[in-house]
Amino acid sequence: MKILLTGGTGYIGSHTAVELIKRGYEVEIIDNLFNSKITVLDGIEKITGVKPKFYHADLLDTEKLDEIFTSNNYDAVMHFAGLKAVGESVGKPLLYYYNNIGTTINLLEAMKKHGTKRIIFSSSATVYGDQDGVKLTEKNQTGIGITNPYGQTKYMIEQILKDNVVANPDFEVTILRYFNPVGAHASGFIGEDPNDIPNNLMPVIMKVSTGEIPILSVYGNDYNTPDGTGMRDYIHVVDLARGHVMAIEKMGPGVQIYNLGTGEATSVMEMIKAFEEAGGKTLPYKITARRPGDLAKIFADPTKAEVELKWKTELTVADAMRDTINYLNCLKKR
Ligand code: NAD
Ligand code: UFG
């Protein structure tokens, strides 16, 4: 089975490429390298022994996309490509709508024209909007209280995928709503290495530990949580990647939607402590004001994926911290 990964040199795509190759799938990647590096392909090869075929192309380039689909017969597409910086999306909404939605429409057009019917889409817990402190199931409402254009694009793309299935009932769509991916491959050959200035907690922690960012700002300690700091459902990226393998093996007609999370919430202070314990050194931090739009506690009910996909997270926050530190050490040696 041959699968095209859009955005496959990115953080989640590269880990998924590894898990797919390990299960015997043929993987090809298309990425414009806006937020990833070509050397990721070497990392995938070191882990699996296979270097996926790579197209350095932009999904907004419809001619190139048509060329790629003309010369291949893909059984499925996993659509990771997209811009993902929440804060940036507020300042550059048109870029986010154009890139995230434009790429998806181009991809669906190419798939339809060339007879590829299966797509797995990287959605996000952000579609649940401002529902705070409740274990989110796939039945929870979506689209209300989304505070930024990035989140809107995820919600809109879910709708586009659903509408496209109504018009093309032979399409098979799986929407995976990720909670907070963290960690790296245990080998240290791939991990999160963004080209931009990070604003998510884990990449900021990484840059504070290397001294590139002087101090970690903890955004608020007056939330309604045991230690007052925000709580999230941090899922190890290798567990998340395995979720995609289980999802592709279970695809069927219509639209399937799954939360991929652990079901547990961890606070910012607990994350700092876990990193310090794994690394054996302290992490400088200061408590600052809340970040606008943040909620107290967001976590998944992953029961549907457990039952239907036979998928369950196996790795912990401690594992993610160990693998992140190992990855940082490997980066230093390169
Ligand atoms: P990433 O930035 O590491 O990977 C995305 C890749 O897409 C990058 O390599 C980038 O160069 C590529 N890309 C962007 N626009 C493109 C275009 N027009 N044409 C070709 N390539 C393009 O991000 P990630 O963390 O691996 O996320 C993958 C997907 O999962 C994204 O859609 C993201 O929104 C979604 N997601 C991520 C998180 C998270 O916290 N990491 C959470 C929920 C959902
Ligand atoms: N935080 C800090 N300091 C920082 C960065 C984050 O205290 O420097 C805190 C936040 O306030 C929050 C927690 O760490 O309590 C997690 O914040 P992230 O920015 O890492 O993650 P979010 O849950 O805000 O959002 C992320 C992605 C969204 C996605 C969502 C669910 O950015 O795109 O996870 O998948 F929708």
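This talk goes through two ligand sites, the strands beside them and one buried glutamate in a predicted model.

I'll start with ligand 1. There are 27 residues around ligand 1, and the nearest of them are D31, N35, S36, K84 and Y150. Three of these five make polar contacts that I want to point out. In the side chain of S36, an N or O atom sits 2.7 Å from an oxygen atom of ligand 1. For K84, the distance from a side-chain N or O atom to an oxygen atom of the ligand is 2.8 Å. Y150 also places a polar side-chain atom 2.7 Å from an oxygen atom of ligand 1. How much of ligand 1 does the protein bury? On its own the ligand exposes 810 Å², and the protein buries 95% of that.

Where does the shell come from? At least two residues each are supplied by α1, which is 11-22, by α5, which is 93-114, and by β5 and α6. The element that gives the most is β5, with 3 residues. Sorted by class, the shell around ligand 1 holds 12 nonpolar, 11 polar and 4 charged residues.

Since β5 has come up, let me move to the strands, beginning with β4. Strand β4 covers residues 76-79, and both of its faces are covered. A76 and M78 lie on one side, V77 and H79 on the other, and all are buried. On one hand, β4 pairs in the parallel sense with strand β1, residues 2-6, over 4 bridges. Within that pairing, T6 has H79 as its bridge partner. On the other hand, β4 runs parallel to β5 and is joined to it by 3 bridges. Here H79 stands opposite F121 in β5. So if you are looking for one residue to find in the model, take H79: it is the bridge partner of T6 and also stands opposite F121.From β4 we step across β5 to the next strand, β7. Strand β5, residues 118-124, pairs with β7 in the parallel sense over 7 bridges. One pair to look at is S123 and its bridge partner in β7, R177. Strand β7 also pairs with strand β12, residues 254-260, again in the parallel sense and over 7 bridges. There, T174 stands opposite Q256 in β12.

Why is β7 described as largely enclosed by the rest of the structure? Strand β7 consists of residues 172-178, and 7 of its 7 residues are buried, so the rest of the structure largely encloses it. You can see this on each face in turn. One side carries E172, T174, L176 and Y178, the other carries V173, I175 and R177, and all of these are buried.

Now to ligand 2. Around ligand 2 there are 22 residues, with S124, N200, S217, R232 and D294 coming nearest. Again I'll pick out three polar contacts. A polar side-chain atom of S124 is 3.4 Å from an oxygen atom of ligand 2. With F179 the contact is through the backbone, where a polar atom lies 2.8 Å from an oxygen atom of the ligand. R232 uses its side chain, with an N or O atom 2.7 Å from an oxygen atom of ligand 2. Taken alone, ligand 2 exposes 680 Å², of which the protein buries 90%.

Which element supplies the largest share of the shell around ligand 2? That is β9, with 4 residues. Both β9, residues 216-219, and α7, residues 201-210, contribute at least two residues to the shell. The shell of ligand 2 divides into 12 nonpolar, 7 polar and 3 charged residues.

The last stop is the glutamate, E138. E138 lies in a loop, between β6 at 135-136 and α6 at 149-167. Is E138 buried or exposed? Its relative accessibility is 16%, which means that it counts as buried. Beyond its neighbours within four places in sequence, E138 is in contact with Y128, R177, I257, Y258, N259, D301 and K304. One of these contacts is with R177, a residue of β7 that we met as the bridge partner of S123. Another is with N259, where the side chain of E138 reaches the backbone nitrogen at 2.7 Å. As a further landmark, A125 is 13 residues away from E138 along the chain, and their C-alpha atoms are separated by 9.8 Å.

To go back over the main points, the protein buries 95% of the area that ligand 1 exposes alone, and 90% in the case of ligand 2. Strand β5 gives the most to the shell around ligand 1, while β9 provides the largest share around ligand 2. Between β5 and β12, strand β7 pairs with β5 and with β12, and 7 of its 7 residues are buried.

Technical notes: Residues numbered from 1 in each chain as written. Chains lettered and ligands numbered in written order. Predicted model: local features only at pLDDT ≥ 70, side-chain atom pairs only at ≥ 80, totals over all residues. Heavy atoms only, no water. Buried < 20%, exposed > 50% of the residue type's maximum accessible area, 1.4 Å probe, protein only. Contact = heavy atoms within 4.5 Å. Polar contact = N/O pair within 3.5 Å; in protein donor to acceptor, adjacent residues only side chain to side chain. Near = heavy atom within 4 Å. Areas by Shrake-Rupley, 256 points an atom, 1.4 Å probe, with all protein chains shown as cover. Nonpolar A, V, L, I, M, F, W, Y, C, P; charged D, E, K, R; others polar. Pairing = 2+ DSSP bridges.
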